[in-house]
There are 2 protein chains.
Amino acid sequence: MSHPHPELGPPPPLAEGALRIVALGGLGEIGRNMTVFEYAGRLLIVDCGVLFPEEEQPGVDLILPDFDYIRDRLDDVEALVLTHGHEDHIGAVPFLLRERSDIPLVGSRLTLSLLSAKLGEHRIKPETVQVTEGERRSFGPFDLEFFAVNHSIPDALAVGVRTPAGNLLHTGDFKMDQLPLDGRLTDLPGFARYGAEGVDLLLADSTNAEVPGFVTSERDISPVIDKVFDKAEQRIIVACFASHIHRVQQVLDAAHAHGRKVAFVGRSMVRNMNIARDLGYLNVPGDLLVDVKSLDDLRPEEAVLVSTGSQGEPMSALTRMANRDHQIRIEEGDTVLLASSLIPGNENSVNRVINGLTRWGAKIVHKGNALVHVSGHASAGELMYVLNMVKPKNLMPVHGEWRHMRAHANIAKLTGMSDDRIVIAEDGVVVDLHKGRARITGAVPAGYVYVDGTSVGDVTESALKDRRILGEEGFISIVVAVDSTTGKILGDPEIHTRGSGIDADAYDEVLPKIADALERAAADGVTDPAQLRQLVRRGIGRWVNESYRRRPMIIPVVVEV
Amino acid sequence: MSHPHPELGPPPPLAEGALRIVALGGLGEIGRNMTVFEYAGRLLIVDCGVLFPEEEQPGVDLILPDFDYIRDRLDDVEALVLTHGHEDHIGAVPFLLRERSDIPLVGSRLTLSLLSAKLGEHRIKPETVQVTEGERRSFGPFDLEFFAVNHSIPDALAVGVRTPAGNLLHTGDFKMDQLPLDGRLTDLPGFARYGAEGVDLLLADSTNAEVPGFVTSERDISPVIDKVFDKAEQRIIVACFASHIHRVQQVLDAAHAHGRKVAFVGRSMVRNMNIARDLGYLNVPGDLLVDVKSLDDLRPEEAVLVSTGSQGEPMSALTRMANRDHQIRIEEGDTVLLASSLIPGNENSVNRVINGLTRWGAKIVHKGNALVHVSGHASAGELMYVLNMVKPKNLMPVHGEWRHMRAHANIAKLTGMSDDRIVIAEDGVVVDLHKGRARITGAVPAGYVYVDGTSVGDVTESALKDRRILGEEGFISIVVAVDSTTGKILGDPEIHTRGSGIDADAYDEVLPKIADALERAAADGVTDPAQLRQLVRRGIGRWVNESYRRRPMIIPVVVEV
C-alpha cells in the first residue's frame with residue numbers, strides 16, 4: 001500500500017501512453033471534490049466542489065480547490081463531468097468558469113438544473129451536455145460511459161473513463177439502496193460488465209469505509225416519520241438538507257396522509273423544491289403546499305414546515321426559532337424533526353438549537369433517538385460488493401479523510417487485492433497509470449483557496465493566522481508621534497486596544513515607561529522608525545506577558561510628522 | 001412542570017422556615033457545578049467547578065460561576081462540600097478561596113488529595129474536613145450524611161442534607177455499576193433508608209437522562225483492552241482522562257499480563273497517578289512502571305504509554321505525536337487506544353488527531369469501533385431506580401443542559417411524579433423549599449466569569465464580542481496626525497491592518513479620498529477628533545463593504561500634535 005511522503009517532489013513528464021490522475025480536492029478531507037485526468041496533453045475533470053470552513057479558518061465563507069495546476073492549460077480541458085448536484089461536487093464551478101467560461105459541463109438532468117440555477121446567480125450561462133445513465137460519449141481521448149448510482153440526491157452518476165492508457169471507473173458519491181424510492185438502483189450489472197471488460201483503476205467513495213455492514217434503505221425512514229405525525233398534536237417542523245428530495249418527498253407524503261399542509265422555509269429549500277417539482281423529481285399532491293405567510297391561518301395540528309437549518313447554521317430559520325427570533329414561535333407541544341446527518345464540526349451548533357427548542361417546550365426527534373436519517377454513502381459491506389464486481393487492477397480510495405481511505409484500503413485487502421495495487425494519495429499527489437500499474441510519481445500544490453466576501457484567494461494562511469491570534473487575544477496598538485526632523489516624541493503615546501480584556505486604566509502603569517524609553521532612544525540618536533517600533537513592541541509585550549500571562553497582538557505605530 | 005421565564009425578577013426575602021436553593025452553575029450546561037443552600041441566614045455550598053470554553057469564548061482559559069450572589073455573605077458559609085475530584089466540581093475552589101481562604105472543604109480522601117494538590121499549585125493551604133460514606137456530620141443548621149456513589153473517578157459521594165425545612169438528597173455525579181472494579185457500589189440501600197425517612201427534594205445528575213437503559217460495567221472494558229494487547233505487534237499508546245484511575249488500572253493490568261512496561265505521559269497523568277498510587281487507589285505491580293525517557297531502551301512490543309490528550313488538546317502529547325512533533329514517533333503498526341468519551345465540541349480536534357496518527361500508519365481503537373469507554377453518568381434506567389427508591393416529594397434535575405433536564409423530568413413523570421413537583425431551573429434561578437413544596441421564586445445573576453491568563457473577570461462579554469469580530473474579519477486602523485492648533489492634517493494617513501485579507505496596495509485607492517474628506521472637514525472648521533474619527537470610519541467602512549463585502553473592525557486614530 002503506497003502512501004505519500006512529505007518529501008514528494010514535482011512529478012516527471014508524463015510517460016508516453018500513460019494516464020495521469022491528480023486530485024485537487026477530496027483526498028484527506030470530506031469536500032471540494034475535484035479530480036483531473038490527463039492523457040496525451042488533454043484534460044478531463046470530474047467534479048469541482050467546495051469545502052466548508054471549520055473554526056481553523058475563521059471568517060472564511062468557502063474553500064476552493066487550487067486551480068493553479070491547470071490554470072495554464074484550461075484550453076486543454078475537454079470536459080468537466082459533474083457526478084451529482086451537491087455543493088461539495090459542483091460548488092466551485094462558478095469560480096472555475098470565471099477562468100474559462102465555455103468548459104463543457106457534463107451531467108444528468110437534475111445535476112445540470114441545480115448547477116444552472118446556481119450559475120444564474122453568478123450571471124454565467126454555461127455550455128452544458130446533458131447525459132443519462134447507460135449513455136456513452138467521447139470528449140477528446142476520453143471515452144465516457146455513465147452509470148446510475150444511488151445517493152442522497154436523485155440522478156447521481158458514476159463515470160467510466162476509457163482511454164488508450166486503460167479503463168477507469170470513478171464512482172462519485174454513491175450507496176446501494178436495494179429498494180430506492182425512485183426505483184433507480186446503483187447499476188451493479190453495468191459495473192460487472194465494465195469490470196469484465198477490464199477496469200485498470202477504480203476510484204471509489206471512502207466516506208463510510210469505517211462503518212461496517214450496509215446502509216439502511218431510505219424507505220425505512222417512512223414509518224418513523226409516520227409515527228411522528230401520528231403522535232404530534234401541534235405543529236411539526238422538519239429540518240433537512242435542501243437537496244434531499246427523497247427525504248422531503250417522504251415528509252410530503254406523510255403530511256398528505258395526515259391531512260396537514262406544508263410550507264417550505266429557507267431560500268435554498270424553496271428554490272430546489274421548485275426545480276425538483278418542475279422536473280418531476282418531487283411529487284406534490286394538489287393543494288398540499290401553502291405559503292409560509294398563510295401558516296397563521298392554519299391550526300397548529302394542520303401545519304408542517306419543511307426548513308433548512310438542520311446543521312444549526314446561525315442565520316437559518318430553525319436557529320432563529322430556537323432563539324425566539326423568528327416569526328414562527330415555538331410553543332409547548334410542537335414537534336421538531338431533524339431529518340439529517342450531523343456533519344462533524346456542527347455538533348455544538350446543533351446542540352444549542354436542540355436546547356433552545358427544548359427550552360420553549362418542543363419535542364425533538366433526531367437521528368440520536370429515531371431512525372430519521374440514513375447515510376448517502378456506501379458502508380464497508382457495499383464497498384466490498386463493488387470491489388468484487390468490478391475486480392479492478394488498482395484501487396485509489398477517494399472522497400475521504402486519511403482514516404476513511406485507509407479503512408477502504410483495508411477492505412480492498414480483505415477482498416484479495418495486494419498492497420502494491422492500492423494507492424492512498426492526498427490532494428495534489430500525482431498518480432500515473434502506466435502499463436496497468438498505478439503509482440505515485442510526485443506532487444503538485446493543492447492548497448486551500450479561500451473565498452471571503454467577494455474576493456477569492458486574497459485571504460491567505462498568514463491573514464488567517466493573524467485572525468486566530470486576534471480572535472484569541474485581541475490587540476494593543478500604541479501610537480507615537482515623532483518629529484521627523486528632530487526625532488523628538490510629540491505628545492503622549494496613545495493606546496488603542498480591543499479584545500485584550502485589559503482595562504484602559506491599566507496602561508497608566510506602562511505608558512510612562514514606554515515614553516521614557518523612547519526619550520532615551522531619541523537622546524541616543526535613534527530615529528529609525530523600525531527600531532522605535534521594536535522598542536515599543538518589546539516594552540508592551542513584556543509588560544502584558546508578565547502582568548497578565550497573555551499575548552495579544554501588539555501593533556506599534558510611529559507617525560512621523 | 002415549572003420552568004423559568006425570562007421575566008423572572010429578584011426573589012422575595014426567604015420565608016421563615018424555608019430553604020433556598022440557587023445553582024450558580026451546572027443547570028443548562030455541563031460544567032461549573034455549584035449549588036448554594038440557604039437556611040436561616042446560613043449557607044452550604046455543594047461543589048465549585050469550572051466550565052471549559054467553547055469557540056463562542058475565544059481565548060478564554062476557564063469559565064467560573066459568578067460568586068457575586070454570595071460575595072457579601074462568605075462569612076455565612078458553613079462548608080463547601082466537594083462530591084468528587086473532577087474539574088467541573090472542584091476547579092473553581094482556588095478562586096473562591098481567594099475571597100475567603102478558611103471555608104471548610106468537606107470531601108472524601110481522594111477528592112481532598114486531588115484538591116489539595118491543585119490548591120498547592122495556587123499556594124493555598126485549605127481547611128479540610130475528610131469524610132467517608134455512611135458518616136453524618138453537622139455544619140450549622142445543615143446535618144449532612146454521605147453516601148457512596150459510583151462514578152468515573154473513585155471515592156465519589158452523594159450528600160444528604162437534613163434541615164428544619166426538609167430533607168434533601170444531592171447525588172453529585174453518579175452511575176450504578178453493579179460490578180464496580182473497587183467493589184464500592186452506589187449506596188442504594190442508604191438511599192432507600194433516607195427515602196423512607198422522607199426526602200423532600202432530590203437533586204440528581206441529568207447528564208445521561210436521554211440515554212435509554214443502563215451503563216455497561218467498567219469491568220466489561222477489560223476483555224476489549226486485553227484483545228487489543230493480544231493483537232498489537234508494536235507499541236501501544238493509551239490516551240484517557242488523567243482522573244480515570246480505574247481505566248488506567250485496567251491498562252496496567254493488561255500490560256502486566258502481556259509482559260509490557262508502562263510509562264505515564266503528561267503532567268496531570270503523572271501527578272494524579274502518583275497520588276492514586278500513594279493512597280492505594282491504584283495498584284502497580286513491582287517494576288511495571290518506567291520513565292518515558294527509558295522507553296527507547298525497550299523494544300516496541302514491550303512498551304505501553306498512558307497519555308493525556310484523549311480530547312485532541314492542541315498541546316497534548318498525543319496531538320504532538322499525530323503531528324510528528326514529539327519525541328515519540330508513531331510508526332506503521334503502532335496501536336493507539338482512545339479509551340475515553342468524546343466531549344461534545346472536541347469532535348474536530350479528535351478527528352484531526354485520528355487522521356494524523358492514521359497517516360503515519362497507526363491503528364486506532366476508539367469508542368466508535370470497540371467498547372473502550374463507558375460513561376460515568378447514570379442512564380435513564382438507573383435514574384428510574386433512584387426515583388423509585390428515594391420517592392422524593394420534589395425533583396430538581398441538575399447537571400445538564402435543557403435537553404437533559406427535560407428528559408430527566410419526563411422520566412420522573414413516568415415513575416408517577418406529578419408535573420407540579422418537578423422544578424426545571426436554570427443557573428441563577430431561585431428555588432424555595434417551603435412547607436414541602438419546591439417552587440421557583442425569582443432569579444439572581446449567574447453569568448459567566450472568564451479566566452484568561454492571570455486575570456479573573458477582566459475579560460467581559462464585550463471583549464469577547466470584539467475578539468469574535470477580530471477573529472472573523474481582522475481590523476483596519478487608519479492613523480491621521482492633526483495639528484492641534486490649526487486642525488491641519490499633517491502628512492499622509494497611515495494604514496495598519498491585520499487579518500483583513502486586503503492587500504496593502506488596495507488602500508492606494510481609498511486613502512486619497514479619506515485625505516480629501518479630512519481636508520474638506522478641516523476647511524469647514526471641523527476639529528473635534530470624535531467627528532474626524534467618525535468621518536474616517538465611515539469612509540473606510542463603506543469602501544470595504546462595497547468593494548469586498550466584508551466588515552473588518554475599523555479603528556480610526558487621530559493623533560493631535
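Me: How do you know that the copies meet through the same surface?

Reply: In this predicted model, 100% of the interface residues of chain A are also interface residues in chain B, so the two copies use the same surface to meet. The contact takes 60 residues from chain A and 60 residues from chain B.

Me: What makes the two copies related as by a two-fold rotation axis?

Reply: Chain A lands on chain B after a rotation of 180 degrees with 0.1 Å of shift along the axis, at an RMSD of 0.1 Å. The two copies are therefore related as by a two-fold rotation axis. Within chain A, the residue that comes closest to that axis is G471(A), with its C-alpha at 1.8 Å.

Me: Why is the pair E332(B) and R406(A) called a salt bridge?

Reply: Their closest N and O atoms are 2.5 Å apart, and the cut-off is within 4 Å, so the pair qualifies. Across the interface of chain A and chain B, the rule finds ten salt bridges.

Me: Which helix gives the largest share of the side of chain A that touches chain B?

Reply: That's helix 10 of chain A, with eight residues. The residues on this side of chain A divide into 20 nonpolar, 19 polar and 21 charged.

Me: What describes the packing of helix 5 and helix 11 of chain B?

Reply: An angle and a distance between the axes do the job for two packed helices. Here the angle is about 40 degrees and the axes are 7 Å apart. Among the residues making the contact are F191(B) of helix 5 and M389(B) of helix 11. The contact residues divide into seven nonpolar, one polar and no charged.

Definitions and conventions
Residues are numbered from 1 along each chain as its sequence is written. Chains are lettered from A and ligands numbered from 1 in the order in which they are written. This is a predicted model: local features need pLDDT of at least 70, side-chain atom pairs count only at pLDDT 80 or more; totals for chains, interfaces and linings use all residues. Side-chain values use heavy atoms; hydrogens and water are left out. Copies are superposed by least squares on the C-alpha atoms of residues with pLDDT of at least 70 in both. Contact means heavy atoms within 4.5 Å. Axes are lines fitted to C-alpha atoms, for helices over the stretch in contact, and angles run from 0 to 180 degrees between N-to-C directions. Helices (H or I, at least four residues) and strands (E, at least two) are DSSP runs, numbered from the N terminus. Ala, Val, Leu, Ile, Met, Phe, Trp, Tyr, Cys and Pro count as nonpolar, Asp, Glu, Lys and Arg as charged, and the others, Gly among them, as polar. A salt bridge is a side-chain nitrogen of Lys or Arg within 4 Å of a carboxyl oxygen of Asp or Glu.
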